[in-house]
Amino acid sequence: MQETGKRIAIIGASGKLGRYMVAHALERGYEVVAVCRPKSVAKLDAFKDAITIVPGRTDDRAAIRKAVSDCDAVLTVLVPWGVHGYATNTAQAVLDFAPEKARLIFSCGWHISRDGKDVYPLGLRLLVPLVSVVGRLLRLVDIRDQENATRRIFESGRRWTVVRGSDLEEGESEGLPVWSRHVGDPILASNRTRRIDFALFMVTAIEDESLVQEAPAIVSCKSQSAMAAKGAAALTR
Ligand SMILES: NC(=O)c1ccc[n+]([C@@H]2O[C@H](COP(=O)([O-])OP(=O)(O)OC[C@H]3O[C@@H](n4cnc5c(N)ncnc54)[C@H](OP(=O)(O)O)[C@@H]3O)[C@@H](O)[C@H]2O)c1
């Protein structure tokens, strides 16, 4: 593996998506600084000799400041845990402390809409308000927090990409997911992506200038809807 000379931070590195991102990033020769909750540091044991770990919650401004300084890119797992603005404070810390020219790539789900033009399947239209109400009542998650976080990112003027994941599944890589600006586009209809490939999309976005200030909704390139769209495009050529 050829070293790129580029340093990247992965915020929320110990989760499932985070660990896949660490693996992809190391494979591509990036120097990796990982932030994860102190109690989760052991989840990064497999990588501990290859990365720098900064223990800290992702909304810990001091930890984020330390991790992102001098980074060329920051990959952030945005999760709306609790009811005290965890995702918003995480995003704000990254926006405040990442170097001006850094690529900033954030994860979230299809339910986030940049321009209100997404057309959601019935299941998601029912699920999001339900999770929103029940999550807040139980003080476990706050979907509005992830919405606030992404609004700040969209308005930031920074070199951001907000990657909107479909339903996730485990399994071997199927390749780089395909994407569309809007949920409701037939290419996304299958609504499934391997988590390992969600991570691949996040890491690949570092070098993809066409994704700057985009909020791609992604789907597996091997899903039925992606294959059908590819077939239709080939027929019209
Ligand atoms: N799950 C899905 O089906 C799905 C679908 C579409 C998009 N997404 C997006 O994908 C990203 C990753 O989600 P994931 O579901 O796959 O989970 P994940 O990768 O396992 O990540 C969960 C993260 O939340 C942290 N966490 C867990 N409990 C916490 C708590 N009480 N307080 C603070 N942090 C806590 C974990 O840290 P520790 O390692 O310290 O526990 C980890 O960093 C998210 O941005 C999500 O919006 C998920």
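**Ligand shell.** I sorted the residues of the shell around the ligand by type and obtained eight nonpolar, eight polar and five charged. The model I worked from is predicted. In total, 21 residues surround the ligand, and S14, G15, L17, S40 and G165 are the closest. I then looked up which secondary-structure elements contribute to this shell. Both α1 (16-27) and β5 (103-109) supply at least two residues each.

**Helix α1.** I next examined α1, given its part in the shell. The helix has 12 residues, and I computed 17 Å from its first C-alpha to its last, close to the 16 Å expected at 1.5 Å a residue. Which residues of α1 are buried? I listed L17, G18, R19, Y20, M21, V22, H24 and A25. L17 therefore appears twice in my notes: it is buried in α1 and is among the residues closest to the ligand. The partners of the buried residues of α1 are β1 (7-11), β2 (31-36), β4 (73-77), β5 and α6 (195-204). After the helix comes G29, with a positive phi near 85°.

**Nonpolar core.** I turned to the largest nonpolar core, which holds 67 residues; I8, I10 and V74 touch the most other members. The largest share of this core comes from α6, with seven residues. I followed the contacts of I10, leaving aside its neighbours within four places in sequence, and recorded G18, M21, V22, A25, V32, A34 and L75. Among these contacts, G18, M21, V22 and A25 are also on my list of buried residues in α1.

**Helix α6.** Is α6 mostly covered or mostly open? I found it mostly covered, as eight of its 10 residues are buried. The buried residues are I196, D197, F198, A199, L200, F201, M202 and V203. α6 is also one of the elements against which the buried residues of α1 pack.

**Positive phi outside glycine.** Most residues other than glycine have a negative phi. I noted D70 as a residue that is not a glycine yet has a positive phi of about 70°. D70 is found in the loop between α2 (61-68) and β4. I counted 11 other C-beta atoms within 10 Å of D70, so D70 is exposed. R139 likewise is not a glycine and has a positive phi, of about 60°. Its place is the loop between α4 (122-137) and α5 (143-154). R139 is exposed, because it has 10 other C-beta atoms within 10 Å.

**Helix α7.** I located L235 in helix α7 (residues 224-236). Why does L235 count as exposed? L235 has 7 C-beta neighbours inside 10 Å, and the cut-off for an exposed residue is 12 or fewer. I also took the separation of the C-alpha atoms of L235 and A25, which are 210 residues apart along the chain, and obtained 36 Å.

**Whole chain.** I closed with the overall figures. The protein chain has seven helices and 10 strands. Its C-alpha trace spans about 50 × 50 × 35 Å along the principal axes. The radius of gyration is 17 Å, which agrees with the value near 18 Å for a compact globule of 237 residues. Buried residues make up 42% of the 237 residues. Of the contacts with a separation of 6 or more, 74% join residues 24 or more positions apart.

Note on methods:
Residues are numbered from 1 along each chain as its sequence is written. This is a predicted model: local features need pLDDT of at least 70, side-chain atom pairs count only at pLDDT 80 or more; totals for chains, interfaces and linings use all residues. A residue is near a molecule or strand if its C-beta atom, placed from the backbone, lies within 6 Å of it. Helices (H or I, at least four residues) and strands (E, at least two) are DSSP runs, numbered from the N terminus. Ala, Val, Leu, Ile, Met, Phe, Trp, Tyr, Cys and Pro count as nonpolar, Asp, Glu, Lys and Arg as charged, and the others, Gly among them, as polar. The expected span of a helix is 1.5 Å times one less than its number of residues. A residue is buried if 20 or more other C-beta atoms lie within 10 Å of its own, exposed if 12 or fewer, and partly exposed in between; C-beta atoms are placed from the backbone. Two residues are in contact if their C-beta atoms, placed from the backbone, lie within 7 Å. A nonpolar core is a set of buried Ala, Val, Leu, Ile, Met, Phe, Trp, Tyr and Cys residues joined through C-beta atoms within 7 Å. The radius of gyration is taken over C-alpha atoms; the globule rule is 2.2 Å times the number of residues to the power 0.38.
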